[in-house]
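Hi,

Here is the model I promised to pass on. Have a look first, and my notes follow underneath.

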Amino acid sequence: MLAGLRDLVADSTTPIDDFAIAKQKRLLIDSLYTSLRGQSFLVEANVGILHANGQPLVVPDVLLSLDVADDWWERRHYPYFLWQFGKPPDVTIEVVSDRTGEELGQKLALYERMRVSYYVVYDPTLRLGDTPLHIFELRGKCFFEIAKVDRGSAPVWLDQVGLGLMLWSGNVENCEDWWLRWCDNDGLVLPTGYELAQQEYMTRDENEKRADLAESQLRQANQRTERAKKWATRLADQLRALGVDPDTL
């Protein structure tokens with residue numbers, strides 16, 4: 001049974017994501033839709049780009065296009081036609097799953113001809129070499145590799161899109177690993193919806209704990225005040241029993 005499954009996967013001509021790559025794509029998409037405000041953009045996985053009539057579709061793992069027209073939804077049944085959107089994507093990202101994708105060869109040249117501002121190759125299992133992350137920027141008509149990023153390296157700022165990229169170690173959907181993440185100019189990762197909800201929950205929980213602590217401290221202070229009043233009353237009674245008026249002391 002297992003051998004038959006291996007043969008099926010090996011013979012398939014359809015690109016198949018494994019679970020890690022599927023999670024990685026969701027992470028890159030969800031965090032932008034959660035974090036970017038007041039800006040028209042599209043970010044999606046596995047959407048084809050048609051850059052010229054008669055040319056086959058190219059399907060990046062993730063594409064980001066900023067400042068797209070609001071009527072893009074009317075073309076929802078079509079791929080990303082460059083002449084309809086009026087611009088190439090600003091960022092295309094490929095996540096390497098094997099050695100046959102030509103991410104640093106044909107695909108790089110193709111995105112360069114499309115005039116994509118940034119091309120990112122994430123190689124989490126180091127199938128193409130010793131560097132897990134390559135970032136290329138279009139300068140004039142050519143791509144220049146502006147960063148080779150290792151795990152633990154500083155974030156890389158993409159000035160033309162106002163976003164950063166970094167390799168981040170942490171938990172995504174209950175999986176601990178290194179992940180490619182968007183970040184801000186201070187190197188803080190852009191949270192997903194789940195992460196933002198968790199942060200808000202933790203903040204609310206912490207505020208509730210502080211409120212409970214303050215209420216407990218107030219209650220204890222009131223109890224101390226009541227005990228002090230009772231002690232003062234008993235002392236006054238004892239003084240009066242001795243013929244001393246406590247109000248004159």
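A word on terms before the notes: buried means under 20% relative accessible area, exposed over 50%, and partly exposed in between (1.4 Å probe, protein chains only). Helices (H or I, at least four residues) and strands (E, at least two) are DSSP runs, numbered from the N terminus. This is a predicted model, so local features need pLDDT of at least 70 and side-chain atom pairs count only at pLDDT 80 or more, while totals for chains, interfaces and linings use all residues. Residues are numbered from 1 along each chain as its sequence is written, and side-chain values use heavy atoms, with hydrogens and water left out.

First, the overall picture. The chain has five helices and 11 strands, and 35% of its 249 residues count as buried. Contact means heavy atoms within 4.5 Å; of the contacts with a separation of 6 or more, 50% are between residues 24 or more positions apart.

On confidence: pLDDT is the predictor's confidence in each residue, from 0 to 100. The chain averages 83, and 77% of the residues score at least 70. Among the elements, E6 has the highest mean pLDDT (98) and helix H1 (residues 2-11) the lowest (41). Over residues 1-14 pLDDT stays under 50, and the model has zero contacts there beyond four places in sequence. Where pLDDT is low, the predicted coordinates should not be read in detail.

Now to H4 (residues 106-114). Its buried residues are Leu-108, Leu-110, Tyr-111 and Met-114. They sit on the same side of the helix, because they cover an arc of only 165° around the axis (taken from the directions from the helix axis to the C-beta atoms). Gln-106 and Arg-113, on the other side of H4, are exposed. The cover over the buried residues includes helix H3 (82-85) and several strands, among them E5, E6 (118-122) and E8 (142-149). Just after H4, Arg-115 takes a positive phi of about 65°.

Tyr-111 also leads to Glu-94, in strand E5 (residues 91-95). Is Glu-94 buried or exposed? Glu-94 counts as buried because its relative accessible area is 1%. The side chains of Glu-94 and Tyr-111 are joined by a polar contact of 2.7 Å (a pair of N or O atoms within 3.5 Å; within protein, one must be able to donate a hydrogen and the other to accept it, and residues adjacent in sequence count only if both atoms are side-chain atoms). Leaving out residues up to four places away in sequence, Glu-94 also touches others, including Lys-107, Tyr-119 and Val-121.

Helix H2 (residues 19-35) checks out on length: its 17 residues should span 24 Å at 1.5 Å a residue (times one less than the number of residues), and its end C-alpha atoms are 24 Å apart, which agrees. At the start of H2, a side-chain oxygen of Asp-18 comes to within 3.1 Å of the backbone nitrogen of Ala-20.

Some loop residues too. Gly-48, between strand E1 (41-45) and E2, is buried at a relative accessible area of 10%. Its C-alpha atom is separated by 4.3 Å from that of Val-59, 11 residues apart along the chain.

Most residues other than glycine have a negative phi. Asp-67, in the loop between strands E3 (62-66) and E4 (80-81), has a positive phi near 55° and counts as exposed at 57% relative accessibility. Asn-174, in the loop between E10 (163-172) and E11 (175-183), has a positive phi of about 65° and is exposed, with a relative accessible area of 73%.

Cheers
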